[in-house]
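Biologist: I should be grateful for a close look at one part of this model, followed by an account of how the rest is arranged around the strands and helices.

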Amino acid sequence: MSFSEGMGVASMWGVSPAFDCIDVVNKANGISTTKDDTITLSKGQKKKIKEKKKKNASEEPLNILLAQAGDIRHVIKTLAQRRRHAKRPVHFYLSETTVECFARHLVLFRILADWELPIRYRTNVFLEVYGNANVQKRTEQYIASVAKELEKLLCDGEGESGMDDLFDFSLLKYKTRDELQKVFQTWSDKIPFNTVELRDKRLRTLYKDRYDFRKNIIDWDYQEIVRPLSSIIHIKQYREWRQSGTAYEFGDQVYNKPNRTMASYAEGKERGLSHLRRGFWCDIVTSPFLGFGIDSEMPNRHAAGLFEIYNKDAGSEQHRHHAVEVAVHNVLSYLYEIESGCIYKMKRQHQVYSGLGGNETTSGDKEINGDEPTVQEEENDEADQVDGDKQSEITPTEIYETNTNNKMEDADEEVPKLVKQNDGDDGIDKNKDDEEKRGEQHSDKAKDDDEEPIQSIDTPAVKKMKKKELTMEEQLAQGDGKYDSDDDEDEEEEEEEEEAKESEARMKVLPESQDTKMPLKQLERAPVVQKVEEKEEIFEETEVEKERREFEERAAIERAVKIMEVLSGAKIFLMDMSMSDLIKKPKKRYKNLFDMAFFSFLSAGVLGKDGDKIQQFFKPNAVVAVESVKHIVGLKQEQRKAYKINIDAAAKDKAKLIEREDVAPTFWWRDMPEKFVDENATVTDEKKKRLAEEKEKNKLRTKWDNGVAFYQFQS
């Protein structure tokens, strides 16, 4: 199995967890504005933190370069946690070598920024488009509609949800813009793209003669590479993705439509001539679980429980949760913090969505400063306050009771009124009302025997429309009111009886001074006009509806303010040139520009090739993060060791960088010390021995074992 055949030529996702870029830069420069989420601060300490944030605020933008990162995981997390630091504009520069990656960045961010959709739905759609080769039919249609919006954003500069102010295309060549527009056009659901067939060709090329034994190869890769480094990825999920391309499944959904955002072009030769062929050229061995599914922030004990392991290091070892749940928790946390200003905290153990909801206020200071949720927030954990989905104060036991003071039988004349359904006296009142109605019906039948029914020219469909017995869809389906000629005679007799009752009701509705022997047409038309007018008159907003409407308006305004706080001062520039291209043709715009850079394993080679020339593009004390290759499937052990040695030597000798392991975020690993230790729990001798062994192993961990190595330029 070769590396290029497995990873492909188009990088659609990263192979390391996301981290907060602003937090890393602040730590490297000695600025600390965040705190440990598990420590409760006093009011004086909270006040000092706020004052320190104001003092460190700056109007100079923080410029961050992301070189071939593969996705926007670092952008999302940095923006979501932006309120935790001093206020400062932040500019991201996304450097990619293919236009399909730019298109993916745009569509993924547009999904997250579709503020009209609920948070949970956006989270699921984002992960579905992010990691699945096939999507649902409704997702396919959604991608096609979003593609038209992005095409308009690219060509006319008009976008929705703040996309036009956030993304900047000024650094792209016109040729690249035209290619990007064509990519959006190919996302239409009318353009054929057979993901299953194209992916199967890739798999056959990868496995060659061992294609029929591919399950054994997948299990070997999992046990040797995936499980030791990221055991949170379940073997069934990894095996399913390797075979079908489906990584994130939610419920009993059917994923049978192609995910056109993964389509790309690869250059090759056929009969001695170079060709560009459209196909499925992204990763098929490493998996899309690494970017969001193997690490998570742990603000409380419940979040730490996502990585709980039963019977650790035993034959029956099993994770309580898996990578899909961790990915959902991460994306959900980012969106929740953007829209509410609060750190997302699970309120129930092992329930990822339990942190949604709260009381009517959405102040971000409460959660960021370490305050515990109130009793009201515990009760409303099923509601999502920032989406305006707070549950109504009307309980399920409330019903509509009609006002019978006027004693009229026509349902359109009755005024609905909200009352509580209680046991006891209400049952007696209901029985009395039922007896009165039965008495009225009995008197109506006696009158029907004496009087002759008035014949109507209305068809059965029209009669049901007038009596509001049909729904809106059924009314539209009736058309002009024509009906089958095979109607039963019994039904016709019943309709004639109903018609007689209706005519008597109309006679009662007419004023006493009006002559009851008026023409039939006038007799039928007058009540219809009267009903419409009465409908408009009796519509009144109740106190409960008014309170709910005011709450939704207040929540929507506050939510919009929170979102604008995150997006204001933020910019995302798309660069269609790599760092090597920039070194060959330097531009004044990029001189001493970047405060931080992230190099993926695909772009880290520039440190060894032109490491002595890249310093001209960075400010003094700039931070450089380099992605490791420990999670990549298909590399031999010798290749992994060579990568560490060569990159480390290039960073220190050529680029003159110094190690900064102290600023590195701590990503989850199997032998990680427990963050929330239960002091009352009994520790057996066997567990003490295991903890001692883990402690010794952790001492041998290096920056490459963490997943990302951090360096800094000397001032």
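How many residues lie between β6 and β7 in their hairpin, and which residue in the turn has a positive phi?

Modeller: The model is a predicted one, and the hairpin is described here as it appears in that prediction. Between β6 and β7 there are 2 residues, and the residue in the turn with a positive phi is Arg271, at about 55°. The two arms of the hairpin are β6, residues 264-270, and β7, residues 273-279; they pair in the antiparallel sense over 7 bridges. Two of the facing positions can be named. Ser264 of β6 stands opposite Gly279 in β7, and Glu267 has Leu276 of β7 as its bridge partner. In a regular strand the side chains alternate between the two faces of the sheet.

Other strands belong to an open sheet. Its 8 strands follow the order β4-β12-β2-β1-β13-β14-β16-β15, and the pairing is mixed. β4 (167-168) and β15 (657-659) stand at the edges, and each has a single partner strand, so one side of each is left without a neighbour in the sheet. Within this order, β1 (residues 62-67) and β13 (residues 594-599) pair in the parallel sense over 4 bridges. Leu65 stands opposite Ala597 in β13. A helix also meets this sheet: α2, residues 21-28, lies across β1, β13, β14 (618-627) and β16 (708-713), and runs at about 120° to β13.

A pair of helices may be described next. α5 (residues 99-112) and α7 (residues 137-156) have axes that come within 10 Å and cross at roughly 105°. The two helices are therefore roughly perpendicular to each other. On the α5 side the contact is made by Leu106, Val107, Arg110 and Ile111, and on the α7 side by Tyr142, Val146, Glu149 and Leu150. Of these residues 6 are nonpolar and 2 are charged, with no polar residue in the contact of α5 with α7.

Finally, the confidence of the prediction should be considered. The mean pLDDT of the protein is 79, and 71% of its residues reach 70 or more. Over residues 358-432, however, the pLDDT is below 50, although this stretch has 139 contacts in the model beyond near neighbours in sequence. Residues 509-534 also stay under 50 in pLDDT, and for them the model has 18 contacts beyond four places in sequence. Where pLDDT is low, the predicted coordinates should not be read in detail.

Terms used. Residues numbered from 1 in each chain as written. Predicted model: local features only at pLDDT ≥ 70, side-chain atom pairs only at ≥ 80, totals over all residues. Heavy atoms only, no water. Pairing = 2+ DSSP bridges. Contact = heavy atoms within 4.5 Å. Axes fitted to C-alpha atoms, helices over the stretch in contact; angles between N-to-C directions. pLDDT = per-residue confidence, 0-100. Parallel < 35°, antiparallel > 145°, perpendicular 65-115°, else oblique. Nonpolar A, V, L, I, M, F, W, Y, C, P; charged D, E, K, R; others polar.
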